[in-house]
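Visitor: Please pick a single part of this model and take me through it closely. I would like to hear what it pairs with and which side-chain contacts go with it.

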Amino acid sequence: MKPAATLPVVSTGADIRGERVRAGDAGYGVDPRPDGARPCRAALDVILTSALVDILSSRISVGSRVMQRGIGDIVEGHVTELVIEHIRRHSLPATASKPETKRSVEDLLLEVEGTTFYVDVKARDLDGTFSMPNLISIDRLEKLYRKERNVLLLLMVEYSRDGDDIIVDDVRWNSIEEICWGSLAIQNLGKGQLQIRNAKKRLGRFGGDRAEWMRRFISEGAAFYGAAAAKALEAEKVWLARIGKTDDAPADGIANGNAQLDLFGEDAA
């Protein structure tokens, strides 16, 4: 078996074909080497690059009737199988597994040198229209990142259509804390959903470390909830006005959630 160090490496960072990124720029809760590189991220880059280099320019059959969401599922499954098989075949010092449930954060779970990478695989059609892909609930991300050795990794596979096939044009990955907030948005879905602001644009790189990114994340989350609360209060005023009441003199029953008694009266069915 080939040792991990001898495997082909096209990039030491987060883009196989694009700009080289020095491993370990973001904090991962592990002690850096004297040269500043963080061992777990350097090892992860070797594994992913060597596992996925052959996917570039490859053709994946998807059929003519499969829509974009279906293609995304096919690509996610393809990438997951490639990485798991690569680690097994080369006996690499890492573990890889599929998610236990459909509601899991990740499409692929990687354990590398004591760090757990929750890999979210996203497929993007280069000829597609504007999109804002969902990443993760901000509530789930906050809980996930309470452990410094948990990392959410976005793995983007860009493709173009060719009849019943897709051709993979580019593959790159970033931890969530490497992505700048100009490329991210929190949308009003559930408890707040972290999204890519525009998937057709290259993701900007955050200039600080993990701790700094998390401080900004908490600030953005608080601002989102504050705006949502203000909208809810405005909506409350509108609804109260519809039954001739104001927040200064609430109708009996509204405060305890029994508004239907006032809306429909005693004769309501």
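Guide: Happy to! Two strands are taken to pair if DSSP finds at least two bridges between them. Keep in mind that this is a predicted model. With that said, let us settle on strand β7, residues 165-175. This strand is mostly covered, with nine of its eleven residues buried.

Let us begin with its pairing. Strand β6, residues 150-162, runs antiparallel to β7, and ten bridges join the two. Among the paired positions, Leu153 has Ser175 of β7 as its bridge partner. The hairpin that β6 and β7 form has two residues between the strands, and Gly163 there has a positive phi near 65 degrees. Strand β7 also pairs with β1, residues 59-61, again in the antiparallel sense, through three bridges. In that pairing, Ile167 of β7 stands opposite Arg59.

Arg59 deserves a second look, since its side chain also meets that of Asp165 in a salt bridge, at 3.2 Å from N to O. Asp165 belongs to β7 and Arg59 to β1, so this contact ties together parts that lie 106 residues apart in sequence. How buried or exposed are the two partners? Asp165 has a relative accessibility of 17% and therefore counts as buried, the cut-off being under 20%. Arg59, at 47%, is partly exposed.

Just past the strand there is another contact to inspect. Glu177, in the loop between β7 and β8 (184-187), forms a salt bridge with Arg210, at 3.4 Å from N to O. Arg210 is in helix α4, residues 210-241, and the pair links distant parts of the chain, 33 residues apart. Here both Glu177 and Arg210 are buried.

If you follow helix α4 onward, you will find one more salt bridge, between Glu220 and Arg216, whose closest N and O atoms are 2.7 Å apart. Both residues lie in α4, four residues apart, or about one turn of the helix. Glu220 is partly exposed at 26%, and Arg216 is partly exposed as well, with a relative accessible area of 37%.

To finish, salt bridges also link Arg124, Glu158, Asp170, Arg172 and Arg202 in a network. For the wider setting, the structure holds 19 salt bridges, and one of them is the contact between Asp165 and Arg59 that we met at β7.

Notes
Residues numbered from 1 in each chain as written. Predicted model: local features only at pLDDT ≥ 70, side-chain atom pairs only at ≥ 80, totals over all residues. Heavy atoms only, no water. Buried < 20%, exposed > 50% of the residue type's maximum accessible area, 1.4 Å probe, protein only. Salt bridge = Lys/Arg side-chain N within 4 Å of Asp/Glu carboxyl O.
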